[in-house]
Amino acid sequence: MKLASTRRKILLALAIGVAGLLAIPVAVTLIEAKQAREVAPLEPYASPTHADVAVIYFSRSGNTALAARHVAARLSAQLIELRSPDYELGLLGWAHAMVDARGRDADITPTTLDLTGYETIYLGSPVWLYSPAPPIWAFVERNRFDGKHVVLFNTINSEFGEDYIEAFRDAVLSRGARRFEHRFVRRGRMTQQIAPSEMLDAIDAEWELD
């Protein structure tokens with residue numbers, strides 16, 4: 001009887017542990033889906049026919065997309081979204097994002113762009129485990145930025161790694177850019193994030209979009 005009781009306790013503890021581990025990704029993906037619904041209709045933007053600034057971005061839950069639309073509107077820029085099917089919303093996309101977070105390759109569309117007509121290129125991405133997300137790294141590796149002023153901008157929950165930003169800077173400069181800048185906005189922890197309007201206010205106050 002004692003052995004059976006001990007086994008039941010062990011199995012119960014394991015079940016509780018597994019349930020706890022599963023609860024985290026489920027909660028995160030539910031929050032991401034809610035955020036995506038909330039920010040999708042905000043700051044609609046249609047790109048102009050001609051522009052000397054391009055805002056190229058990858059976004060998973062829509063926060064970087066909102067920041068990109070806002071920046072594009074402020075600068076009358078061409079707005080271009082990078083899509084990556086591996087990281088779409090949902091548990092599978094979240095799992096891929098966590099596994100690949102510090103990687104530098106991804107399946108993206110578009111893969112390459114003719115950037116010769118732009119003077120300034122803004123590259124937008126969330127930060128995953130302290131590093132810009134793989135799709136924005138992949139875009140840099142597959143494109144040229146000859147003579148361009150390149151600005152990396154990130155939406156982050158907590159922190160980014162300076163070494164990852166320096167490596168990104170080196171990658172951009174190695175692809176021909178003449179100048180590199182980094183800008184970011186902290187949204188706060190997953191369950192205590194600032195409102196979208198506060199994020200946009202912070203961008204206006206801190207990024208000097210001229």
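In this predicted model, the side chains of Asp204 and Arg74 form a salt bridge, with an N to O distance of 2.6 Å. Asp204 belongs to helix H6 (residues 196-206) and Arg74 to helix H2, so the pair ties together parts of the chain that are 130 residues apart in sequence. Both ends of the bridge are partly exposed: Asp204 has a relative accessible area of 33%, and Arg74 has one of 39%.

The salt bridges of the model number ten by the rule applied here. Among them is the one between Arg144 and Asp146, at 2.7 Å from N to O. Arg144 is partly exposed, with 40% relative accessible area, and Asp146 is also partly exposed, with 44%. Another salt bridge joins the side chains of Arg169 and Asp170, at 3.4 Å from N to O. Here Arg169 has a relative accessible area of 38% and is partly exposed, while Asp170 counts as partly exposed at 43%. Arg179, Glu181 and Arg183 are linked to one another in a network of salt bridges.

The helix that carries Arg74 leads to the next part of the description. Helix H2 spans residues 63-75 and, with strands E1 and E2, makes a right-handed β-α-β unit. Strand E1 (residues 53-58) runs parallel to E2, and five bridges join the two strands. Within this pairing, Phe58 stands opposite Leu82 of E2. Strand E2 covers residues 78-82, and four of its five residues are buried, so this strand is largely enclosed by the rest of the structure.

The unit is one part of a chain that contains six helices and six strands. In sequence order, these elements follow the pattern α-β-α-β-α-β-β-α-β-α-β-α. Contacts across long stretches of sequence are frequent in the count: of those between residues at least 6 apart, 81% join residues at least 24 apart. Of the 210 residues in the chain, 44% are buried. The accessible surface comes to about 11100 Å², and carbon and sulfur atoms account for 55% of that surface.

Strand E3 (residues 120-128) can be followed through two of its residues, beginning with Thr120. Thr120 has a relative accessible area of 15%, which is under the 20% limit, and is therefore buried. Apart from neighbours within four places in sequence, Thr120 is in contact with Asp52, Val53, Ala54, His149 and Val151. Of these contacts, Val53 falls within the range of strand E1, residues 53-58.

Further along E3 lies Ser125. At 0% relative accessibility, Ser125 counts as buried. Which residues surround Ser125, leaving aside its neighbours within four places in sequence? Ser125 is in contact with Phe58, Thr64, Pro132, Ala133, Ile136, Phe153, Asn154 and Thr155. Two of these contacts lead back to the β-α-β unit: Phe58 is the residue opposite Leu82, and Thr64 falls within the residue range of helix H2, 63-75.

Ile136, another contact of Ser125, has its place in helix H4 (residues 134-141). Is Ile136 buried or exposed? With 0% relative accessibility, Ile136 counts as buried. Leaving aside neighbours within four places in sequence, Ile136 is in contact with Ile56, Leu82, Leu123, Gly124, Ser125 and Phe168. Ile56 falls within the range of strand E1, residues 53-58, and Leu82 is in E2. Leu123, Gly124 and Ser125 fall within the range of E3, residues 120-128. Ile136 and Ser59 are 77 residues apart in sequence, with their C-alpha atoms 9.7 Å apart in space.

The last feature is on the surface. Val26, Leu30 and Leu91 form a nonpolar patch there, and together they have about 270 Å² of accessible area. Leu30 is located in helix H1, which spans residues 2-39. The relative accessibility of Leu30 is 57%, which is over the 50% limit, so Leu30 counts as exposed.

Terms used:
Residues are numbered from 1 along each chain as its sequence is written. This is a predicted model: local features need pLDDT of at least 70, side-chain atom pairs count only at pLDDT 80 or more; totals for chains, interfaces and linings use all residues. Side-chain values use heavy atoms; hydrogens and water are left out. Buried means under 20% relative accessible area, exposed over 50%, partly exposed in between (1.4 Å probe, protein chains only). Contact means heavy atoms within 4.5 Å. Accessible areas come from the Shrake-Rupley method with a 1.4 Å probe; for residues, only the protein chains shown count as cover. Two strands pair if DSSP finds at least two bridges between them. A crossover is right-handed if, with the strands pointing away from the viewer, the path from the first strand over the helix to the second runs clockwise. Patches are made of residues with over 30% relative accessible area and no salt bridge: like charges are joined within 9 Å, nonpolar side chains (Val, Leu, Ile, Met, Phe, Trp, Tyr) within 5 Å. A salt bridge is a side-chain nitrogen of Lys or Arg within 4 Å of a carboxyl oxygen of Asp or Glu.
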